[in-house]
Amino acid sequence: MRRLKALAECSDEPNGITRPYLGPAHRKAVDLIGTWMTDGGMSPRIDAIGNVIGRYTGIGRDAPLLLIGSHIDSVPNAGMFDGTLGVVTAIEAVSHCHAAGKRFPFAIEVAAFGDEEGSRYPSTLGGSRLLAGIFDDAILDEADARGMTRRASLAAFGCDPKSVAADGHRSERMLGYIEVHIEQGPVLESKGLAVGVVSSINGASRGMVEVRGEGGHAGTIPMRWRQDALCAAAEMILAVERRAQAEEDLVATVGHIEVPGGAVNSVSGLARFTIDVRSPSDHRRQAAIEDLTGELQAVAARRRVAIAMSFGYQAPATPCDARLSNLLADAVRSQGVSPMRLPSGAGHDAMSFRDRAPIAMLFVRCRGGVSHSPLEFASVADIDTAARTLIDFLERLAATT
Ligand code: GLV
Ligand code: MN
Ligand code: MN
């Protein structure tokens, strides 16, 4: 909890926690984590994309690799557990093993990824995708709201974007990828369970919509002549909500809109908004995006505005591995907790490893299911259960490897 609080102090805004990828607060967090890794017997390194990775060597030179990770970037005005809980718990578990002089028939790397929320650049999971060997070089040219590219931010952070390709090619055999994360939903709390085992992670698409109308004077242009970009966007946003409401398990969100050059006395000529669509079924997610594309184009045509839409980020739904999840369930049971299985509506770095390694995730109960909010809370007792579960899991994995 002391370490979680120290990370919460790393913020680019004075009030609350705002720690975007590759900002000054992210840099401070990386340095803190590096110190904790060293103290816990791991050798930390910062890779080309800003991940900090601490290696705990295994027995034998050809020992396979177990990766335990989560993220340390945050949404604006975040809580103090999302992502960081998994990183701190992994460091704690390995530090405990180190203090006990324990080595495993596998190497462990604890990874603190920097780009999971995607609140700075249009796409996300860049950090874990690099480690999974599926990094798309094109995203280095993505720009943030101020026009700064990833490439430039990486250089300012102290990373070398030119070594991305080399860092992305690792031939080491991976035994698995494990992630501990707060649930960010109310299920474990409603069942009275401290922790639970994730069954699968919903797939997600993220897009940008740009609506171009005709700007003008709010006092002089008669209503019937207007090609108001913001009004068109408003109608489109409600169409997004309606499409998601019509289908069980589908969620769609417009979380950000901007009206460049907007003013109280101007008709909007330009509006831009984001779309986030998620479903347990990749097929139904794609179908929803096709429907939405058609509906938004129809709104644009009726309102005589131009529309440009791009869904530049896709993450397919990711099932968790049965063998690792069963081991994790045994470890949960060893803590006196009944191992409930539950799906994840939120995205996680674990998704990046879908085709690279078996994955498993442990969720930790959070109060009221609240997340992406300063009110996010997980108790010391529940975090303790998670840490002990993770240590027990490592021992079970060692016994079967
Ligand atoms: C990350 O929190 C996401 O699910 O968008
Ligand atoms: Mn998270
Ligand atoms: Mn989050």
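1. Start at the seam between the two domains: the interface of domain 1 and domain 2 has 0 salt bridges by the rule used here. What the rule does find there is 2 residue pairs in polar contact, both at pLDDT 80 or more. On the side of domain 1 that touches domain 2, the residues split into 4 nonpolar, 5 polar and 3 charged. Keep in mind as you read that this is a predicted model.

2. Where do the domains run? The domain assignment of the protein puts 2-199 + 319-399 in domain 1 and 203-315 in domain 2. So you can get your bearings on screen, look for C-alpha centres of domain 1 and domain 2 that are 33 Å apart.

3. Back to the seam for its extent. Contact there involves 12 residues of domain 1 and 7 residues of domain 2. Between them the two domains bury about 620 Å², and carbon and sulfur atoms give 47% of that. Which three residues supply more than any others of the area that domain 1 buries against domain 2? They are T124, R129 and M351, and together they account for 46% of it.

4. Now for the metals, beginning with the manganese ion that is ligand 2. Its protein donors are H71 (NE2), D82 (OD) and H181 (NE2), at 2.0 to 2.2 Å from the ion. Along the chain, these donor residues have the spacing H-x10-D-x98-H. H71 sits in strand β3 (residues 65-71), while D82 is in the loop between β3 and α3 (84-99), so this pair ties together parts that are 11 residues apart in sequence.

5. The other manganese ion to look at is ligand 3. D82 (OD), E117 (OE), E117 (OE) and H372 (NE2) coordinate this ion, at 2.0 to 2.6 Å. Its donors read D-x34-E-x254-H along the chain. E117 comes from the loop between β4 (107-113) and α4 (126-132), and H372 from the loop between β16 (359-364) and α11 (380-399), so the pair links parts that are 255 residues apart in sequence.

6. Which residue bridges the manganese ion (ligand 2) and the manganese ion (ligand 3)? That's D82, and the two ions lie 3.5 Å apart. If you click on one residue at the metal site, try D82, which appears among the donors of ligand 2 and also among those of ligand 3.

7. A last word on charged pairs. How many salt bridges does the rule count? The total is 26, though the interface of domain 1 and domain 2 has 0. One to look up is the salt bridge where the side chains of D31 and R27 meet, at 2.9 Å from N to O. D31 and R27 are 4 residues apart in helix α2 (residues 24-39), which means about one helical turn separates them.

Key. Residues are numbered from 1 along each chain as its sequence is written. Chains are lettered from A and ligands numbered from 1 in the order in which they are written. This is a predicted model: local features need pLDDT of at least 70, side-chain atom pairs count only at pLDDT 80 or more; totals for chains, interfaces and linings use all residues. Side-chain values use heavy atoms; hydrogens and water are left out. Domain bounds come from an automatic or database domain assignment. Contact means heavy atoms within 4.5 Å. Buried area is the accessible area (1.4 Å probe) that two parts lose on being put together, summed over both. A salt bridge is a side-chain nitrogen of Lys or Arg within 4 Å of a carboxyl oxygen of Asp or Glu. A polar contact is a pair of N or O atoms within 3.5 Å; within protein, one must be able to donate a hydrogen and the other to accept it, and residues adjacent in sequence count only if both atoms are side-chain atoms. Ala, Val, Leu, Ile, Met, Phe, Trp, Tyr, Cys and Pro count as nonpolar, Asp, Glu, Lys and Arg as charged, and the others, Gly among them, as polar. Donors are N, O and S atoms within 2.8 Å of the metal (3.2 Å for Na, K and Ca); water is not among the atoms, so sites may look incomplete. Helices (H or I, at least four residues) and strands (E, at least two) are DSSP runs, numbered from the N terminus.
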